[in-house]
Amino acid sequence: MSGHLAVVGLGPGDARWLTPEAQSALDAADALYGYGPYLDRVPARPGQGRHPSDNREEMSRAGAALAQAAQGARVAIVSGGDPGVFAMAAAICEAIETGPPSWRALDVTIVPGITAMLAVAARAGAPLGHDFCALSLSDNLKSWELIERRLDAVAGAGLVIALYNPVSRARPWQLASALDRLRRHLPDATPVIFGRAVGRTDESITVTTLDAADALAADMATLIIVGSRATRVIPRPGRPLVYTPRAATEASA
Ligand SMILES: C[S@@+](CC[C@H](N)C(=O)[O-])C[C@H]1O[C@@H](n2cnc3c(N)ncnc32)[C@H](O)[C@@H]1O
């Protein structure tokens, strides 16, 4: 029997956001690998091996999953959200590129999921209705200078910006610094959305402005969307609707 590896996106948290394809891949697996809290979201099945690991261990997790698949097993490795967005699919590709030649012959499927950026955007309205980008604020795998250059470039280009990995215990100051950097380019009133634990029971969504945005309001489970000059807020009872119109002019960028 030839082995198979599925890299499965679980979505941001709500079980209704797990796709039928992802559920099938989980059901079919002999063994599951993943960051412990993500694996905890997959109900245990008798006979299915479970291999939780720490969130800093992506490459060893990728290697272990590929090695088991290479022995003929059906293996699934899970990511929160989408596996291709700051997650395991790229780690698997890196491991295949540098690993034993036999791993290249493996049957590998990437099963997409709803990424946090899209879930937070949907809660808020349509902030990603025009051009946007996603940046990770983690400086574990790139320098802070590069992150600042990218923030300058995308804010200057008029893109809405989704910020992943805004803060962690080891990275306490980066979000405040990034918001200050964006304040150099964007008006005080630029809409900012903090989406925390979206799709989970402890979800919270806050709409604020760039001048009032407080980095201390974010934790590891928060995704932040910073609007562009074109992003608008429609006040209404309850939470306002935030959207970026589909059309842009030079003046609105
Ligand atoms: C390592 S990245 C993984 C992203 C994931 N692959 C995805 O597509 O959403 C982790 C970051 O994603 C964001 N995130 C993940 N799940 C979230 C959720 N339920 N609500 C808000 N943000 C979330 C946070 O910014 C968190 O720090």
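Here is a short note on how the chain is divided and how the ligand is held in this predicted model.

1. Let's start with the overall layout. The protein chain is divided into two parts: domain 1 covers 4–111, and domain 2 covers 116–252. Taken over C-alpha atoms, their centres are 29 Å apart.

2. The two domains also touch each other. On one side of this meeting, 9 residues of domain 1 take part, and they are in contact with 14 residues of domain 2.

3. Now for the ligand, a good place to rest your eye. The ligand sits in the largest pocket. Both domains help to surround the ligand, since domain 1 (4–111) and domain 2 (116–252) each give at least three residues to its shell.

4. Who are the neighbours? The ligand is surrounded by 20 residues, and the closest are Asp-82, Val-85, Thr-115, Met-220 and Thr-222. By character, the shell holds 12 nonpolar residues, 6 polar ones and 2 charged ones.

5. Some polar contacts are worth finding on the model. Thr-115 places a polar side-chain atom 2.6 Å from an oxygen atom of the ligand. Val-85 uses its backbone instead: one of its N or O atoms there lies 2.8 Å from a ligand nitrogen atom. At Ala-221, a polar backbone atom is 3.3 Å from a nitrogen atom of the ligand.

6. How much of the ligand's accessible area does the protein cover? On its own the ligand has 570 Å² of accessible area, and the protein covers 91% of that.

7. If you look at one residue, try Thr-115: this residue is among the closest to the ligand, and its side chain makes the 2.6 Å approach to a ligand oxygen atom.

Notes. Residues numbered from 1 in each chain as written. Predicted model: local features only at pLDDT ≥ 70, side-chain atom pairs only at ≥ 80, totals over all residues. Heavy atoms only, no water. Near = heavy atom within 4 Å. Polar contact = N/O pair within 3.5 Å; in protein donor to acceptor, adjacent residues only side chain to side chain. Areas by Shrake-Rupley, 256 points an atom, 1.4 Å probe, with all protein chains shown as cover. 1 Å grid on protein atoms, 1.4 Å probe; cavity = no way out; pocket = protein on both sides within 12 Å on 5 of 7 lines; lining within 4 Å. Sits in = over half its atoms within 2 Å of the grid points. Nonpolar A, V, L, I, M, F, W, Y, C, P; charged D, E, K, R; others polar. Domains from an automatic or database assignment. Contact = heavy atoms within 4.5 Å.
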